[in-house]
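The following note concerns the aromatic side chains of the structure shown below. Please read the points in order, with the model at hand.

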Amino acid sequence: MDADRVKDHFDEEAPRYDDLIVRLIPGYREQHDVILGILPFDRESPLRVLDLGCGTGALSRLVLDAYPNARVEATDLATGMLAECAANLAGFGHRVSYRELDFGSGDLGSGYGLVLAGLSVHHIDDEAKRDLFRRVFDALRPGGMFVMREIVTADTPGQTEADRERWRAFMDESGEDGRRWYEQSLGEDHPASLTDQLEWLRDAGFAQVAAPWRRINFAVFGGVRP
Ligand SMILES: C[S@@+](CC[C@H](N)C(=O)[O-])C[C@H]1O[C@@H](n2cnc3c(N)ncnc32)[C@H](O)[C@@H]1O
């Protein structure tokens, strides 16, 4: 899906996103505990955070709540999502700034201690993912961390298909039309295998590359800039 279609899609989805996403993504909230659990930073120390594809602000909020001296730059290409995010995070005042950004091509900035990307990187193709991983590496300070939660594929077509069946069943059980969302994802998304993405992170220079959580076709993974 090109950036304009992604933008239109998420602008339309913004008002109902928070209710919907927990029915579509296995372990959506559990992923938040995992992400907080792997962050190596002292809770009181200042932390500059970049949220790539912030959506309504779930990951930004997670860090703002847990790290009282964190400042977050929340970015998204969908202005409707940025507006929802700004409304949701208004209570954090000047600790959050908002920026319209296509992370596939735009300037990420530099000097961050933490870069987060939640369910956003699968919207760009694999070559663009590899390029993004290199640019995120450059945007981090030494010791900084990159954490994604993502839809991923498995290492064989058979396992990928089996995972997608289980994902459809999960959505059906949550009261959603699993087949519809699955077909939409097949048509629009560019998920890559977890194995490849861990390799691309290492290629970009990341150390401590790991995936501490995986369920069906979703994973939390990332690495540290040495
Ligand atoms: C499924 S939502 C995820 C929101 C939130 N990060 C979360 O974890 O729940 C994906 C978000 O990524 C944004 N997005 C997709 N492609 C993007 C790109 N190339 N640049 C910036 N944002 C992008 C979408 O507009 C959308 O708000």
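1. In this predicted model, one aromatic cluster is formed by Phe 133, Phe 137, Phe 146 and Phe 206. The structure as a whole holds four aromatic pairs.

2. One of these pairs brings together Phe 146 and Phe 206, whose ring centres are 5.9 Å apart. Their planes meet at 35°, and planes under 30 degrees apart would count as stacked, over 60 as edge-to-face; the pair is therefore tilted.

3. This pair links distant parts of the chain, since its members are 60 residues apart. Phe 146 belongs to strand S5 (residues 140-151), whereas Phe 206 lies in the loop between helix H9 (194-203) and strand S6 (207-215).

4. Are these two rings buried or exposed? Phe 146 is buried, its relative accessible area being 0%. Phe 206 also counts as buried, because its relative accessibility is 5% and the limit is under 20%.

5. A further aromatic pair consists of Trp 167 and Phe 218, with 5.5 Å from centre to centre and 70° between the planes, and it is edge-to-face. Here too distant parts of the chain are linked: Trp 167 is in helix H7 (residues 157-173) and Phe 218 in strand S7 (residues 218-224), 51 residues apart. Trp 167 counts as buried at 6% relative accessibility, and Phe 218 counts as buried at 2%.

6. Charged groups also meet aromatic rings. The charged end of Arg 43 sits over the ring of Tyr 67, at 5.1 Å from the ring centre. The ring of Tyr 112 has the charged end of Arg 48 over it, 4.5 Å from its centre.

Notes:
Residues are numbered from 1 along each chain as its sequence is written. This is a predicted model: local features need pLDDT of at least 70, side-chain atom pairs count only at pLDDT 80 or more; totals for chains, interfaces and linings use all residues. Side-chain values use heavy atoms; hydrogens and water are left out. Rings of Phe, Tyr and Trp (its six-membered ring) pair if their centres lie within 6.5 Å; planes under 30 degrees apart count as stacked, over 60 as edge-to-face and the rest as tilted. Helices (H or I, at least four residues) and strands (E, at least two) are DSSP runs, numbered from the N terminus. Buried means under 20% relative accessible area, exposed over 50%, partly exposed in between (1.4 Å probe, protein chains only). A charge sits over a ring if NZ of Lys or CZ of Arg is within 6 Å of the ring centre and within 35 degrees of the ring normal.
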